[in-house]
Amino acid sequence: MGLLGRVAGSASRRIFSSAVAEAKYPTLLHVDAFTKAAFSGNPAAVCLLDDKAEEKWMLNVARNQNLSETAFVRPTCSAQLEGDAGAPAKGETFELRWFTPSVEVDLCGHATLAAAHALFSRPHGRESDVLRFATRSGELQAVQRAEGLIELDFPASPPTPLRQSVGPSPEEVAAALRLPVEVIEVVGASDDLLVVVPDAAIVRAVTPDLGLISRLPYRGVIVTAAAGSQHPYHFSSRFFAPAVGIAEDSVTGSAHCTLAPYWGAVLGKRIMRAVRPRTHSQSRHPPPRYPPVGRPGRR
């Protein structure tokens, strides 16, 4: 499954800790992902490492940044892989890990995009336009395309229908979203619970009870609706994940691992545009309102 994204410029600063090799100063970058303009989109911190770092140190760095995600990137080696047309294409390989201010997670879309941008933007460039990341979710690839676009190859994760008497009831989900039960369709779950509503205006206006959301047995809840023919995009969505310390994420790439196969089947399309609607009360970095319960997951 492919995701195309843009990033705005990044500002860097240096950090140091004895948890990394002496005299090695990792570069720490702030990158705005899924946007053309700075101070918009979904921000992520990217820490470029030369050597392994302790997990506790990485979590402390993520807490200090207080963004939804901090990505830690460490080079491993270069490798050969098959190109788009079957011809050999050289790719560089890296270890990639993601941390919220509370936990390490299995997958994060916007922080992967931010990490790829940071690597492609290094002063001396890269030897390849293909990056390969070893992650807890397997190998991911990032390809630099024309006009500043970066293409990510992520695994599809279609929602599995909930079995009767297993998982939350529609009434429980509706209460958590503060919506009438008759306007929601609980489609199913992967790491996240997918809830479809009949109109994009409902997606924009929903104000969930984050305490109830955090008690559901999922990483987070995706609320989505088809856009309608009058819009230049195909569907909209919002993502709430207080269970991993984030009240609402601005743009959640990994949630589209579930959204893309669902809407692709519903709309009969392989290429789609998606949007995260702005809300009247939106703040750029909403703080966690409830303590995390320690469930790692995807972002």
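**Close-up 1. The side chains of Arg-145 and Glu-151 are joined by a salt bridge.** In this predicted model, the N-to-O distance of the pair is 3.1 Å. Arg-145 has a relative accessible area of 31% and is partly exposed. Glu-151 also counts as partly exposed, at 26% relative accessibility. Side chains of opposite charge can pair when their charged atoms come close.

**Close-up 2. A salt bridge connects the side chains of Glu-248 and Arg-276.** Here the separation from N to O is 2.6 Å. Glu-248 belongs to strand β15 (residues 246-249), whereas Arg-276 is found in the segment after β16 (274-275), so the pair ties together parts that are 28 residues apart in sequence. Glu-248 is buried, its relative accessibility being 12%. Arg-276 is likewise buried, with a relative accessible area of 17%. Both values fall under the 20% that marks a residue as buried.

**Close-up 3. Arg-132 and Glu-139 form a salt bridge.** The closest N and O atoms of the two residues lie 2.9 Å apart. Arg-132 has a relative accessible area of 15% and is therefore buried. Glu-139, in contrast, is partly exposed, with a relative accessibility of 44%. The view thus shows a buried arginine paired with a partly exposed glutamate.

**Close-up 4. A network of salt bridges links Glu-55, Arg-97, Glu-104, Asp-106 and Arg-136.** The members of this network are the arginines Arg-97 and Arg-136 together with the acidic residues Glu-55, Glu-104 and Asp-106. For the structure as a whole, a search finds 10 salt bridges.

**Close-up 5. Helix α3 spans residues 170-177 and contains buried residues.** The buried positions in α3 are Val-173, Ala-174, Ala-176 and Leu-177. Viewed down the helix axis, these residues fall within an arc of 160 degrees, so they line one face of α3. Among the elements that cover the buried residues of α3 are the strands β11 (185-189), β12 (192-196) and β13 (220-226). Helix α5 (210-215) also belongs to this cover.

**Close-up 6. Arg-178 comes just after helix α3 and takes a positive phi.** The phi angle of Arg-178 is about 55 degrees. The helix that precedes Arg-178 comprises residues 170-177, and Leu-177 is one of its buried residues.

Key. Residues are numbered from 1 along each chain as its sequence is written. This is a predicted model: local features need pLDDT of at least 70, side-chain atom pairs count only at pLDDT 80 or more; totals for chains, interfaces and linings use all residues. Side-chain values use heavy atoms; hydrogens and water are left out. Buried means under 20% relative accessible area, exposed over 50%, partly exposed in between (1.4 Å probe, protein chains only). Helices (H or I, at least four residues) and strands (E, at least two) are DSSP runs, numbered from the N terminus. The arc is that of the directions from the helix axis to the C-beta atoms. Contact means heavy atoms within 4.5 Å. A salt bridge is a side-chain nitrogen of Lys or Arg within 4 Å of a carboxyl oxygen of Asp or Glu.
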